[in-house]
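The exercises below go from the overall make-up of a protein down to single side chains. Each one gives a task and then a solution in steps.

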Amino acid sequence: MAIRKSNKLPQRAVIKQILKRCSSLGKKQSYDEQGLPLDVPKGHFVVYVGENRSRYIVPISFLTRPEFQSLLHQAEEEFGFDHDMGLTIPCEEVVFQSLTSMLR
């Protein structure tokens, strides 16, 4: 039996890709000299949640939490990470707010 290689990127590469995209998104924001949004504190990144794509700023530490990783896997399956829409989390805002309040 042959061993099949997965086409998926390693988790570390996916996280780097997410952070790079999230740190450079936003249409009406001010940017610093490195091109990063001024309203996103160091150590945080932006996600968009719900039907209205509400913008949330969350700590990078969430990326190591299994609960948040589950949301990232859902986002990858539904939207993929190769688009210019920003990191969109496919769940209701109420659910996202409840989850993130437990992670803090």
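Residues 24 or more positions apart account for 47% of the contacts with a separation of 6 or more in this protein, which is a predicted model.

**Exercise 1. Describe the overall make-up of the protein and the confidence of the prediction.**

Step 1. The secondary structure comes to three helices and three strands, and from the N terminus on the elements follow the order α-β-β-α-β-α.

Step 2. Of the 104 residues in the protein, 36% are buried.

Step 3. The pLDDT averages 78 over the protein, with 63% of the residues scoring at least 70; the mean is lowest in helix H1 (residues 11–23), at 64, and highest in E2, at 93.

**Exercise 2. Work out the order and the directions of the strands in the sheet.**

Step 1. Begin with E1 and E2, which run antiparallel and are joined by six bridges; within this pairing, valine 46 has isoleucine 57 of E2 as its bridge partner.

Step 2. Turn next to strand E3 (residues 88–89), which runs parallel to E1 and is joined to E1 by two bridges. Tyrosine 48 has threonine 88 of E3 as its bridge partner, while valine 49 is partnered by isoleucine 89 in E3.

Step 3. Taken together, the three strands form an open sheet in the order E2-E1-E3, with mixed pairing. E2 and E3 stand at the edges with a single partner strand each, so one side of each is left without a neighbour in the sheet.

Step 4. Consider how strand E1 (residues 44–49) is surrounded: five of its six residues are buried, so E1 is largely enclosed by the rest of the structure.

Step 5. Finally, place the helix H3, which lies across E1, E2 and E3 and runs at about 15° to E2.

**Exercise 3. Examine the hairpin of E1 and E2, and say what is notable about the backbone and the side chain of arginine 53.**

Step 1. The hairpin has four residues between the strands, and glycine 50 takes a positive phi near 85° there.

Step 2. Arginine 53 is found in the loop between E1 and E2, and has a positive phi of about 55° although it is not a glycine.

Step 3. The relative accessibility of arginine 53 is 30%, so the residue counts as partly exposed, given that buried means under 20% and exposed over 50%.

Step 4. As for the side chain, arginine 53 lies over the face of tyrosine 48, at 4.7 Å from the ring centre.

**Exercise 4. Which residues does threonine 88 contact, leaving aside its neighbours within four places in sequence?**

Step 1. Threonine 88 has its place in strand E3, and its relative accessible area of 6% makes it buried.

Step 2. Leaving aside neighbours within four places in sequence, threonine 88 is in contact with Tyr48, Arg53, Ala75 and Phe79.

Step 3. Two of these names return from earlier steps: Tyr48 is the bridge partner of threonine 88, and Arg53 is the residue that lies over the ring of Tyr48.

**Exercise 5. Determine how the aromatic rings are arranged.**

Step 1. A search of the whole structure finds four aromatic pairs. In one of them, the ring centres of tyrosine 56 and phenylalanine 96 are 5.1 Å apart and the planes stand at 55°, so the pair is tilted.

Step 2. Tyrosine 56 belongs to strand E2 (residues 54–59) and phenylalanine 96 to helix H3 (residues 93–103), so the pair ties together parts that are 40 residues apart in sequence.

Step 3. Tyrosine 56 and phenylalanine 96 are both buried, and they form one aromatic cluster with Phe45, Phe62 and Phe68.

**Exercise 6. Is leucine 71 buried or exposed, and which residues does it touch, not counting those up to four places away in sequence?**

Step 1. Leucine 71 is found in helix H2 (residues 66–78), and with a relative accessible area of 8% the residue is buried.

Step 2. Not counting residues up to four places away in sequence, leucine 71 touches Ile89, Pro90, Cys91, Phe96 and Leu99.

Step 3. For one of these, cysteine 91, the separation from leucine 71 is 20 residues in sequence and 8.1 Å in space, C-alpha to C-alpha.

Step 4. Another of the residues that leucine 71 touches, Phe96, is a member of the aromatic cluster.

Notes: Residues numbered from 1 in each chain as written. Predicted model: local features only at pLDDT ≥ 70, side-chain atom pairs only at ≥ 80, totals over all residues. Heavy atoms only, no water. Phe/Tyr/Trp six-rings, centres within 6.5 Å; stacked < 30°, edge-to-face > 60°. Buried < 20%, exposed > 50% of the residue type's maximum accessible area, 1.4 Å probe, protein only. Lys NZ or Arg CZ within 6 Å of the ring centre and 35° of its normal. Pairing = 2+ DSSP bridges. Contact = heavy atoms within 4.5 Å. pLDDT = per-residue confidence, 0-100. Axes fitted to C-alpha atoms, helices over the stretch in contact; angles between N-to-C directions.
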